[in-house]
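Open the model in your viewer and keep the selection tool at hand. This tour goes from stop to stop, saying what to select and what is there.

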Amino acid sequence: RVKNMEIADERLNPLKRLVIEECAKVAGKDGIKIGIDAEKLNRAFKKSENISSMQQDLMKGKKTEIDYLNGAVVRLGGKYGIKCPANEALTGIIKELEKP
């Protein structure tokens, strides 16, 4: 429930690293290399005054794209035998926020 620029808060780096590491492991099984880290994300978000589309959906009471993002990482991780607890937790949190 914040502007994207607030995601650049360095106190969130441990969580960002966990999410990215899980995504990279799953993508790696499909031969895709992810070359991004928490610091690159911070630089991208630092000046972003906008509100994410997912947050906009939540504000409107609409279903988000979480199943196609972090939820997809969890599903693919399951297919490859890779646990993705950070992405699973984020998906669960958003699914709860989607409830009326």
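How many disulfides does a search of the whole structure find? The search finds zero, where a disulfide is a pair of cysteine sulfur atoms within 2.5 Å. In general, a disulfide is a covalent bond between the sulfur atoms of two cysteines.

Before selecting anything, note that this is a predicted model, in which local features need pLDDT of at least 70 and side-chain atom pairs count only at pLDDT 80 or more, while totals for chains, interfaces and linings use all residues. Residues are numbered from 1 along each chain as its sequence is written, and side-chain values use heavy atoms, with hydrogens and water left out.

**Stop 1: the cysteines**

Select Cys23 and Cys84. Cys23 is in no disulfide, and the nearest cysteine sulfur, that of Cys84, is 7.5 Å away. Why is there no bond from Cys84? Because its sulfur is too far from the closest cysteine sulfur, in Cys23, at 7.5 Å. Now compare their cover, using these terms: buried means under 20% relative accessible area, exposed over 50%, and partly exposed in between (1.4 Å probe, protein chains only). Cys84 is buried at 4% relative accessibility, whereas Cys23 is partly exposed at 21%.

**Stop 2: salt bridges**

A salt bridge is a side-chain nitrogen of Lys or Arg within 4 Å of a carboxyl oxygen of Asp or Glu. By this rule the structure has seven salt bridges.

Select Arg11 and Asp9. Their side chains meet in a salt bridge, with 2.5 Å from N to O. Is Arg11 buried or exposed? Arg11 is exposed, with 70% relative accessibility. Its partner Asp9 is partly exposed at 26%.

Next select Lys63, Asp67, Lys95 and Glu98, which are linked in a network of salt bridges. Within this network, Lys63 meets Asp67 at 3.8 Å, N to O. Lys95 also meets Asp67, at 3.0 Å, N to O. The pair of Lys95 and Asp67 links distant parts of the chain, 28 residues apart: Lys95 is in helix H5 (residues 85-98), and Asp67 is in the loop between H3 and helix H4 (70-80). Helices here are DSSP runs (H or I, at least four residues), numbered from the N terminus. Lys63 is exposed, with a relative accessible area of 57%, while Lys95 is partly exposed at 27%.

**Stop 3: a positive patch**

Select Lys33, Lys40, Arg43 and Lys46. These residues form a positive surface patch. Patches are made of residues with over 30% relative accessible area and no salt bridge; like charges are joined within 9 Å, and nonpolar side chains (Val, Leu, Ile, Met, Phe, Trp, Tyr) within 5 Å. Lys and Arg count as positive and Asp and Glu as negative, with His and the chain ends not counted. The place of a charge is taken as NZ of Lys, CZ of Arg, CG of Asp or CD of Glu.

Keep Lys46 selected. Where does Lys46 lie? Lys46 is in the loop between helix H2 (38-45) and helix H3 (53-59). Lys46 is partly exposed, with a relative accessible area of 47%.

Now add Glu6, in the segment before H1. Glu6 and Lys46 are 40 residues apart in sequence, and their C-alpha atoms are 7.3 Å apart in space. Glu6 is partly exposed at 44% relative accessibility.

**Stop 4: a nonpolar patch**

Select Ile32, Ile34 and Ile36. Together they form a nonpolar patch on the surface, with about 230 Å² of accessible area. Accessible areas come from the Shrake-Rupley method with a 1.4 Å probe, and for residues only the protein chains shown count as cover.

Ile36 lies in the loop between helix H1 (13-29) and H2. At 38% relative accessibility, Ile36 is partly exposed.

**Stop 5: distances along and across the chain**

Add Leu97 to Ile36. The two residues are 61 residues apart along the chain, and 28 Å separates their C-alpha atoms.

Then select Glu22, in helix H1, and Ile82. Here the separation along the chain is 60 residues, and the C-alpha atoms are 8.1 Å apart. Is Glu22 buried or exposed? Glu22 is buried, at 8% relative accessibility.

Finish with Ala86, in helix H5. Ala86 is buried at 10% relative accessibility. From Ala86 to Glu6, 80 residues away along the chain, the C-alpha distance is 19 Å.

How values were computed: Helices (H or I, at least four residues) and strands (E, at least two) are DSSP runs, numbered from the N terminus.
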